[in-house]
Amino acid sequence: MASHTHRQPAPAAPPGPAPEGAARPWPADQPAVFEAVDLACVRRDRTLFEGFSFRLAAGELLQIEGANGSGKTSLLRILCLLALADAGEVRWNGVNVAEDRADYLGRLTYIGHTPGVKADLTALENLQVASALAPDTAACHPDDALAAVGLAGFEDTHVRELSAGQTRRVALARLLLQPTRLWILDEPFTALDRAGKRRVEELLEAHCAAGGMALITTHQPVDVGDAAKTRIHLGPEPAAMDEAG
Amino acid sequence: MGHAFLAILKRDLTLALRHRSELANPLVFFVVVVSLFPLALGPEQDILTRVAPGILWVAALLAATLAMDGMFRSDFEDGSLEQLLLSPHPPSVLVLAKILAHWLATGLPLILISPLLALFLHLPGDALGVLLATLALGTPTLSLVGAIGVALTVGLRRGGLLLTLLVLPLYVPVLIFAAGAVDNAAAGFPVAGQLYFLAAVLVLAATLAPLATAASLRISLG
């Protein structure tokens, strides 16, 4: 358990391309459309948003911005069927996703506000469970996924002993285990250092280039190269938005 | 699906082993409560033999309730529960794996220690086998039924008391039939009826409770 300490300086994110792009479970040119139609969310008699719609096609990234408490997390939870919308529906290729829940859930990876990582398991054990919960047998070995997010050498470290940023990386490694077409990420850059953020941007860029879709909430500027990027502001539009924040 | 079931089972047992002190809590409670009775009631064999089935079962039931609260708590707090519900595998199957792991970690030790406690209370040897049988049939039912209550209260900050109020009435039939069976065995009467009833309740709970628990979790998270 203590053997990792001398390896601490190692985890600078390797800049080389990760094993993604290898086996995509969808044909590259297969069309896919992810839509939200007139979604509304009311929490404790307060309307967070209503009439919220968007359309996301293959290879596109949608960045959702909004002030704290504007309902970004509620929106993401509605999109992955963890919460119920008060109105409206979510559609995959024109079909309401609630009709075939298992099929839809097999197409998406959600990384929420809480990373969904067990503190008392090692990084590797966490990913092994995640890969067992995935729709098919994992396309990428948990070891490789950890290496790809810059955690080589930390496989057998208990997550409790990792830093917040490293814990976030363990969660992000799930994206590589089983390539799903739709990524829904809530504040993926939280606690990540500059190299870590860059690494996630590269993953997003490669994902979009391969025809995947991503939906993220963040206040930080996102650089995903050539991928089509849309920004949506949730909640009341402030007069002067803090572009840098 | 079987793969996911086993992965969750293995994960929860690993976690339980890494939290041995939490694991010991209900067991210590069980032992302490039962061993206090001979001190309070006096060592007369007649009295202890008469009350032993009731004491053993009430203590086992309270110990099981005590352990119940933790079933989904940590998963809820660290977001693992969301990931469980987002898996394309049926949530009821994954929930069943969690309940089974929880019972193996908290219910099974109660059964294993109970012969020793039965000895403290002068429970007749004939009744010991019946006691073990009722515990083996009854404690999994407690875990399954309790899981529904835990799933409903997991989102609440202080759900402990509510959980107790919610599940204890549901435990009463199990308590009545299980303690009754041990009582009958101690008096030399047949016990088949009660055991069949406990087995039937267990089958019913194993069939329906995972579905209800999965639905309750979805409500709690939503």
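Strands are DSSP runs of E with at least two residues, numbered from the N terminus. The exercises below use this numbering on a predicted model.

**Exercise 1. Place A:Gly235 in chain A and decide whether it is buried, partly exposed or exposed.**

Step 1. Strand S9 of chain A covers 228-234, and A:Gly235 lies in the segment that follows this strand.

Step 2. Within 10 Å of A:Gly235 there are 16 other C-beta atoms. A buried residue needs 20 or more, and an exposed one has 12 or fewer. A:Gly235 is therefore partly exposed.

Step 3. Leaving out residues up to four places away in sequence, A:Gly235 touches A:Phe49, A:Gly66, A:Ala67, A:Ser70 and A:Gly71.

Step 4. A:Val200 is 35 residues from A:Gly235 along the chain, and 26 Å separates their C-alpha atoms.

**Exercise 2. Describe chain A by its helices and strands, its burial and its contacts.**

Step 1. Chain A contains 6 helices and 9 strands.

Step 2. It has 245 residues, of which 42% count as buried.

Step 3. Take the contacts in chain A between residues at least 6 apart in sequence: 74% of them join residues at least 24 apart.

**Exercise 3. Find which parts of chain B supply the side that touches chain A.**

Step 1. The contact involves 22 residues from chain A and 19 residues from chain B.

Step 2. In chain B, helix H1 (2-18) and helix H5 (80-86) each give at least two residues to this side. The largest share, 7 residues, belongs to H1(B).

Step 3. Sorted by class, the side of chain B that touches chain A has 8 polar, 7 nonpolar and 4 charged residues.

**Exercise 4. Work out how H3(A) and H1(B) are oriented to each other.**

Step 1. Helix H3 of chain A spans residues 123-133; its axis and that of H1(B) come within 8 Å and cross at roughly 155°.

Step 2. Angles over 145 degrees count as roughly antiparallel. H3(A) and H1(B) are therefore roughly antiparallel to each other.

Step 3. The crossing of H3(A) past H1(B) is left-handed.

Step 4. From H3(A), the residues that meet the other helix are A:Gln128, A:Val129, A:Ala132 and A:Leu133; from H1(B), they are B:His3, B:Ala4, B:Ala7 and B:Arg11. This contact has 5 nonpolar, 2 polar and 1 charged residues.

**Exercise 5. State what confidence the predictor gives to chain B and to the complex.**

Step 1. Chain B has a mean pLDDT of 92, with 100% of its residues at 70 or more.

Step 2. For the complex, the predictor gives a pTM of 0.87 and an ipTM of 0.82.

How values were computed:
Residues numbered from 1 in each chain as written. Chains lettered and ligands numbered in written order. Predicted model: local features only at pLDDT ≥ 70, side-chain atom pairs only at ≥ 80, totals over all residues. Contact = placed C-beta atoms within 7 Å. Helix = DSSP H or I, 4+ residues; strand = E, 2+ residues; numbered from the N terminus. Nonpolar A, V, L, I, M, F, W, Y, C, P; charged D, E, K, R; others polar. pLDDT = per-residue confidence, 0-100. Axes fitted to C-alpha atoms, helices over the stretch in contact; angles between N-to-C directions. Parallel < 35°, antiparallel > 145°, perpendicular 65-115°, else oblique. Left-handed = near helix turned anticlockwise from the far one by under 90°.
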